[in-house]
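Reader: I should like to learn how to read the features of a protein model. May we go through them one at a time, with the general idea stated before each case?

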Amino acid sequence: MELLSFSNQYIHCKIIPAKGDIPSYFITVIYASNSSNERNSLWGDLEILAGSANLSKWMVGEDFNEVRYAHEKLGGCPPHIRSLSRFNNCIEACHLQDLWGSDSSFSWCNNKDARIASKLDHVLVNLQWMLEHTDSFYYALPPGLSDHSALQVTVCPAFISGPKPFKCFSAWEAHPQFEQVIRHAWDRSF
């Protein structure tokens, strides 16, 4: 791993796998401020990261402290449309998209009687990530001591299969020409 840049809201790294045949990728871990004004500087930083280098495969994730859509918040005051729009504009400017995830709608809860729950934690990836890791996904772990659910990303390697094994189904044996077809196939020279 090579640390490329950081601030009080993110750490940006290049991951260089130990196996030489696996290409490197970039990951940016987010711990966004509770202040929407401070988050605006994070959105600017992410846009600079997205435009500063060829990021090939890029994953950005964890605690953005912001919902993308109004339905991602339950209870309390409704989300501020301006903050929500700034977050979504940043995602669009960085050419990122949500990684497919578990159906856990809310990754944060205030754990009080007047319950407020929100999806503040996200995993975002670029197109190159999606093209190379089509089966990757994340799921929210049960909350532990934190009021946030940690997100676990699973990257499934592309399945490369060889020739398919021959399968014989019992129903074929009931066909009146089964034995004749088999004999003909075995007697042919290739």
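Author: Let us begin with exposure, where buried means under 20% relative accessible area, exposed over 50%, and partly exposed in between (1.4 Å probe, protein chains only). F6 has a relative accessibility of 58% and therefore counts as exposed. This is a predicted model, in which local features need pLDDT of at least 70, side-chain atom pairs count only at pLDDT 80 or more, and totals for chains, interfaces and linings use all residues. Residues are numbered from 1 along each chain as its sequence is written, and side-chain values use heavy atoms, with hydrogens and water left out.

Reader: In which strand is F6 placed?

Author: Helices (H or I, at least four residues) and strands (E, at least two) are DSSP runs, numbered from the N terminus. F6 belongs to strand β1, residues 2-6.

Reader: How should I read an aromatic pair, and how many are counted here?

Author: Rings of Phe, Tyr and Trp (its six-membered ring) pair if their centres lie within 6.5 Å; planes under 30 degrees apart count as stacked, over 60 as edge-to-face and the rest as tilted. By this rule there are five aromatic pairs. One of them joins Y25 and W129 edge-to-face, with 5.6 Å centre to centre and 80° between the planes. Y25 lies in strand β3 (residues 25-31) and W129 in helix α3 (residues 127-132), so the pair ties together parts that are 104 residues apart in sequence. Y25 is partly exposed at 24% relative accessibility, whereas W129 is buried at 2%.

Reader: What is the arrangement of the pair W43 and F87?

Author: W43 and F87 are stacked, at 4.8 Å centre to centre and 25° between the planes. The pair links distant parts of the chain, 44 residues apart: W43 is in helix α1 (residues 36-52) and F87 in helix α2 (residues 81-93). W43 is buried, with a relative accessible area of 4%, and F87 is buried as well, at 1%. Together with F64, W43 and F87 form one aromatic cluster.

Reader: Which residues have the most contacts inside the largest nonpolar core?

Author: A nonpolar core is a set of buried Ala, Val, Leu, Ile, Met, Phe, Trp, Tyr and Cys residues joined through side-chain atoms within 4.5 Å. The largest one has 17 residues, and I30, L46, W58, V60 and F64 have the most contacts inside it. At least two residues of this core come from each of β3, α1, β4 (58-63) and α2. The largest share, four residues, is supplied by α1. A second, separate core has eight residues, among them M59, V123, V125 and Y138.

Reader: How is a salt bridge recognised, and how many are there?

Author: Side chains of opposite charge can pair when their charged atoms come close. The term denotes a side-chain nitrogen of Lys or Arg within 4 Å of a carboxyl oxygen of Asp or Glu. The count is four salt bridges. In one of them, the closest N and O atoms of R39 and E66 are 3.0 Å apart. R39 lies in helix α1 and E66 in the loop between β4 and β5 (73-74), so the pair ties together parts 27 residues apart in sequence. Both R39 and E66 are buried.

Reader: Where do the partners of the salt bridge between E132 and K57 lie?

Author: E132 is in helix α3 and K57 in the loop between α1 and β4, 75 residues apart. Their closest N and O atoms are 3.5 Å apart. E132 is partly exposed at 44% relative accessible area, whereas K57 is buried at 3%.
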